[in-house]
Amino acid sequence: MDFFIVTVKVLNSYEKCSTLREYMYFVDPVRDYHEKNQFSNLEDAIHQAIEQCIKENVLKDFLTENRTEVTHMMTLDFTFERRLELQREEAIEEGKKEALSGLIRNKMNNNKSLEQIAVDLDVPVDQIRPIYEEIEKELQKQADITGSEVSCRGEY
């Protein structure tokens, strides 16, 4: 069997392009200011970053001439980016809930009580009670349907 050794050299584009490097320098303070303000008032964060960059001679001419357009584009970009971030967070939370629900369902199928499940999972009873009760209702519906099917079959 032949083996190949491959060496790959990765270059960051912004290292060679001063404009791109300066743009990245501009984006970081926008994120920092925005995060520092708990993601409220994005426009203020953008204006602060623009002022900082102009003072530090980073994209000075461009930012001075195009302040309004830059603010508008950054607002759209960050709003979209934030929405994606929130969607990812929601998906992660939903995944955790589904996993917890699966664990609870398995333990319920093994005839464990709410309190036993809480101890097994090392979580407070109140944290899993809504999920437990929801699964309990689903299982009861399934039992009712199965019981109905059996009684209907018996009538023929």
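Let's start with Glu51, which has a relative accessibility of 34% and so counts as partly exposed. Keep in mind that we're looking at a predicted model. Who does Glu51 pair with? Its partner is Arg67, and the two form a salt bridge whose closest N and O atoms sit 2.7 Å apart. Arg67 is partly exposed as well, at 26% relative accessibility.

Now, what does this pair tie together? Glu51 belongs to helix 3, residues 42-55, while Arg67 belongs to helix 5, residues 67-109, so the salt bridge links parts that are 16 residues apart in sequence.

Let's stay with helix 5 for a moment. Lys96 and Glu93 are 3 residues apart there, about one helical turn. They make a salt bridge too, with 3.7 Å between the closest N and O atoms. Is Lys96 buried or exposed? It's exposed, at 51% relative accessibility; the cut-off for that word is over 50%. Glu93, at 47%, counts as partly exposed.

On to helix 7, which covers residues 125-155. Arg129 and Asp126 both lie in this helix, 3 residues apart, about one turn. Their side chains meet in a salt bridge, at 3.5 Å from N to O. Asp126 is exposed, with a relative accessible area of 61%, and Arg129 is partly exposed at 32%.

There's also a little group to look for on your screens: Lys107, Lys112 and Asp120 are joined into one network by salt bridges that share partners.

And how many salt bridges does the count come to? The answer is 6. Thanks, everyone, happy to go back to any of the pairs!

Technical notes: Residues are numbered from 1 along each chain as its sequence is written. This is a predicted model: local features need pLDDT of at least 70, side-chain atom pairs count only at pLDDT 80 or more; totals for chains, interfaces and linings use all residues. Side-chain values use heavy atoms; hydrogens and water are left out. A salt bridge is a side-chain nitrogen of Lys or Arg within 4 Å of a carboxyl oxygen of Asp or Glu. Helices (H or I, at least four residues) and strands (E, at least two) are DSSP runs, numbered from the N terminus. Buried means under 20% relative accessible area, exposed over 50%, partly exposed in between (1.4 Å probe, protein chains only).
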